[in-house]
Amino acid sequence: MSLILRIDVDSPYGKENVFNHICSRIASDYNITPLLFLPYLKYLDDFIIYLNSKSIQGNFFFRKCTLPTNIILDHLRQGNHIIGLHLENSISLDSFKEELKFLESNINSKIEVFSKHGSGKFKYGLHHFPSYEPTKYLDWGSKLGMKIFFGNLEDPTIDFSITNQRLMFYPAAFWLEHHWRDTKSFDINWLIRESKLRDLVLLIHVENIITNNLLYNELKYILENAELMRT
Ligand SMILES: [Zn+2]
């Protein structure tokens, strides 16, 4: 019984200011290799080091534009974290496979878990296929040898299941950012209580949290008080 920490790594340079935000968007649209004048994924590396100091295990999902550097990979491996694909171009089995192989060849390791970028409403970037079609992903995931899929529904009471294709499927998450959650019904104390009763997913985007004091303090409180996956 514990909280599964899911980290979707959407932003190459974070969102500390407008310049970083714009560079993140351009880098994701054109798959530009890390720019030397901006600290690439620095916000993420700091967060991994923090988790390592607390022996908390995270599941990190990367896009093609947020591939982990060797240093970040070292820190992820030191903390025994799980590395997954944050599926962006989900238009077909082939586009899924292309993203998966790209990430696997870059980290030199097999990937068995994935999450989906976007929940079907908006198009986030040039390569993003916005529809949200979990049934297709489960079918394709099984064909590609995946073991776990983390979905994007926003009702955290929905439980995980094991699909006919033998994939572990977590359809929903507790989204830390308030605009993706019914904060009246599901506050952080609800999450902490629930984490002691069953497995459920906490979804965070680190770049949004480090620029928002309220979210930062809520995350810290959760990590100090919930039942967590530890290494
Ligand atoms: Zn995303």
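**Group meeting talk: a sheet and its helices**

Let me begin with strand 9, where Leu200, Leu202 and Ile204 point one way while Val201 and Leu203 point the other way, and all of these residues are buried. Put as a count, five of the five residues of strand 9 are buried, so that we can call the strand mostly covered. Before I go further, I should say that this is a predicted model, and I will speak about it with that in mind.

Which strands pair with strand 9? On one side there is strand 1, residues 3-9, which pairs with strand 9, residues 200-204, in the parallel sense over five bridges. If you would like to find this pairing on the screen, look for Ile7, whose bridge partner in strand 9 is Ile204, and then for Arg6, whose partner in strand 9 is Leu203. There is also strand 8, which pairs with strand 9 in the parallel sense over two bridges, and here Phe174 has Leu202 of strand 9 as its bridge partner.

Strand 1 itself deserves a moment, as it is also mostly covered, with seven of its seven residues buried. Leu3, Leu5, Ile7 and Val9 point one way from this strand, whereas Ile4, Arg6 and Asp8 point the other way, and all of them are buried. Strand 1 also runs parallel to strand 2, residues 58-62, and five bridges join the two; within this pairing, Asp8 stands opposite Phe61 of strand 2.

For those of you new to sheets, the general point is that strands pair through backbone hydrogen bonds, and that they do so either parallel or antiparallel. Stepping back to the whole sheet, we find nine strands in the order 6-7-5-4-3-2-1-9-8, forming an open sheet in which the pairing is mixed. Which strands stand at the edges? They are strand 6, residues 161-162, and strand 8, residues 174-175, and because each has a single partner strand, one side of each is left without a neighbour in the sheet.

Now let me turn to the helices, starting with helix 4, which lies across strand 2 and strand 3 and runs at about 145 degrees to strand 3. Helix 5, residues 134-143, has Tyr137, Trp140 and Gly141 as buried residues. Looking down the axis of helix 5, we see these buried residues fall within an arc of 105 degrees, and therefore they line one face of the helix. What do they pack against? The buried residues of helix 5 pack against strand 3 (82-87), helix 4 (93-107), strand 4 (113-116) and strand 5 (148-153). The face turned away from that buried side carries Thr135 and Lys143, which are exposed. After helix 5 comes Gly145, and its phi is positive, near 80 degrees.

The next pair is helix 6, residues 188-195, and helix 8, residues 213-225, which pack at an angle of about 20 degrees with their axes 10 Å apart. That angle makes helix 6 roughly parallel to helix 8, and helix 6 passes helix 8 in a right-handed crossing. If you zoom in on the place where they come together, you will find Ile188, Leu191 and Ile192 of helix 6 meeting Glu218, Tyr221, Ile222 and Asn225 of helix 8.

In the segment after helix 8 we reach Glu227. Is Glu227 buried or partly exposed? It counts as partly exposed, because it has 16 C-beta neighbours inside 10 Å, and a residue needs 20 or more to be buried. If we leave aside the neighbours within four places in sequence, Glu227 is in contact with Met1, Ser2, Leu3, Ser195 and Lys196. You may recall Leu3 as one of the residues of strand 1. The C-alpha atoms of Glu227 and Asp199 are separated by 9.4 Å, with the two residues 28 apart along the chain.

My last stop is Leu38, which is placed in the loop between helix 1 (18-30) and helix 2 (42-54). Leu38 has 15 C-beta neighbours inside 10 Å, and so it counts as partly exposed. Leu38 and Tyr13 are 25 residues apart in sequence, yet from C-alpha to C-alpha they are 7.0 Å apart in space.

Terms used
Residues numbered from 1 in each chain as written. Predicted model: local features only at pLDDT ≥ 70, side-chain atom pairs only at ≥ 80, totals over all residues. Buried ≥ 20, exposed ≤ 12 C-beta atoms within 10 Å, placed from the backbone. Helix = DSSP H or I, 4+ residues; strand = E, 2+ residues; numbered from the N terminus. Arc of directions from axis to C-beta. Contact = placed C-beta atoms within 7 Å. Pairing = 2+ DSSP bridges. Axes fitted to C-alpha atoms, helices over the stretch in contact; angles between N-to-C directions. Parallel < 35°, antiparallel > 145°, perpendicular 65-115°, else oblique. Left-handed = near helix turned anticlockwise from the far one by under 90°.
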